[in-house]
Amino acid sequence: LSNSMLAEDLPPNRIERAKQSISRMIDRLEGDRIGLVVFAGDAYVQLPITTDYSAAKLFLSTINTDLIPTQGTAIGKAIDLCNHSFDFENGQSKSIIIITDGENHEDDAIEKAKDASKKGVVIHTIGMGSEEGGPIPIKNRRGQIQSYQKDKKGETVLTKLNEEMLKQIASSGKGSYIRASSTKSGLDALF
C-alpha cells in the first residue's frame, strides 16, 4: 500500500489493478482458505485466513494507500506475518502471493522467503508496474490529480517495477514470478 502503487502505468493504477485481480481470483476459489495482509513500511493482517469469500471481497474493497501511515515496502515483514497466520498443524498446502511493485525494498525479504520455504510455504510474486515506470500522483479530496510527487531537488519522482527483486523472492520461495501487464493481471496465469 505504498504511494508508489498509485502510479498509473497499469491503468487505472497499480493498486486498483491489484484489487481487481484479487477479486477475480476470489471468484475462482472453491473451498480454499484466503487471508489478506497489507503492507507498506509495516505489515498488518487485513483479513485473517477464512473461507468467507464475501468477507474477503468486502475487506479488499476497503484497501487503499491511506491505511498504513508508514511509507515503504516491507516485504519481509509481510512474509513473516503471513507465516504466523498459517496453521502448520493441518496438511494443507500453503502459499503466499505477493503483489507489489517492489519499490523501496527495505528488509531481507529473500531470507524471509527462504525461511518460509523451509516450512513448506510456496511464495509467488506478481510485479505491478512497468520498467519505464510512472509518476506518483497527488490527488485532491475529489480524487483529481493536483500534481505529482517530487524529490528534494523538485524533480518528479518516477516509480519503476523492481522486477529483479521480485524474481529473487519468488526463486527463494520456490514459487513463480509473473509480471502483470495492461491486459493480464498475472493471477490468471498463477491460478
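In this predicted model, the side chains of lysine 114 and glutamate 111 form a salt bridge in which the closest N and O atoms are 3.6 Å apart. Both residues belong to helix α4, which spans residues 109-118, and they are separated by 3 residues, about one turn of the helix. An α-helix has 3.6 residues a turn, so residues three or four places apart point the same way. Neither partner is hidden from solvent or fully open to it, because lysine 114 has a relative accessible area of 36% and is partly exposed, and glutamate 111, at 36% relative accessibility, also counts as partly exposed.

Salt bridges that share partners also join Asp9, Arg14 and Asp101 into one network. Altogether, the count for the model comes to 9 salt bridges.

Some of these pairs connect parts of the chain that are distant in sequence. The side chains of lysine 139 and glutamate 8 meet in a salt bridge with an N to O distance of 3.9 Å; this pair links strand β6 (residues 137-139), which holds lysine 139, to the segment before α1, where glutamate 8 lies, 131 residues apart. As for accessibility, lysine 139 counts as partly exposed at 37%, while glutamate 8, with a relative accessible area of 36%, is partly exposed as well.

A further pair brings two helices into the picture. Aspartate 27 forms a salt bridge with lysine 57, and their closest N and O atoms are 2.6 Å apart. Aspartate 27 sits in helix α1 and lysine 57 in helix α2, so that the bridge links distant parts of the chain, 30 residues apart. Aspartate 27 is exposed, at 51% relative accessibility, a value to be read against the cut-off of over 50% for exposed residues, whereas lysine 57 is partly exposed, with a relative accessible area of 30%.

Helix α2, the home of lysine 57, also shows how its residues are divided between the interior and the surface. Within this helix, which covers residues 53-61, the residues Tyr53, Ala55, Ala56 and Leu60 are buried. Seen down the axis of α2, these buried residues fall within an arc of 155°, and therefore they line one face of the helix. On the other side of α2, Ser54 and Leu58 are exposed. What covers the buried residues of α2 includes helix α1 (14-28), together with β1 (34-39) and β2 (43-50). Helix α1 thus appears in both accounts of α2: it is among the elements that cover the buried residues, and it carries aspartate 27, the salt-bridge partner of lysine 57.

How values were computed:
Residues numbered from 1 in each chain as written. Predicted model: local features only at pLDDT ≥ 70, side-chain atom pairs only at ≥ 80, totals over all residues. Heavy atoms only, no water. Buried < 20%, exposed > 50% of the residue type's maximum accessible area, 1.4 Å probe, protein only. Helix = DSSP H or I, 4+ residues; strand = E, 2+ residues; numbered from the N terminus. Arc of directions from axis to C-beta. Contact = heavy atoms within 4.5 Å. Salt bridge = Lys/Arg side-chain N within 4 Å of Asp/Glu carboxyl O.
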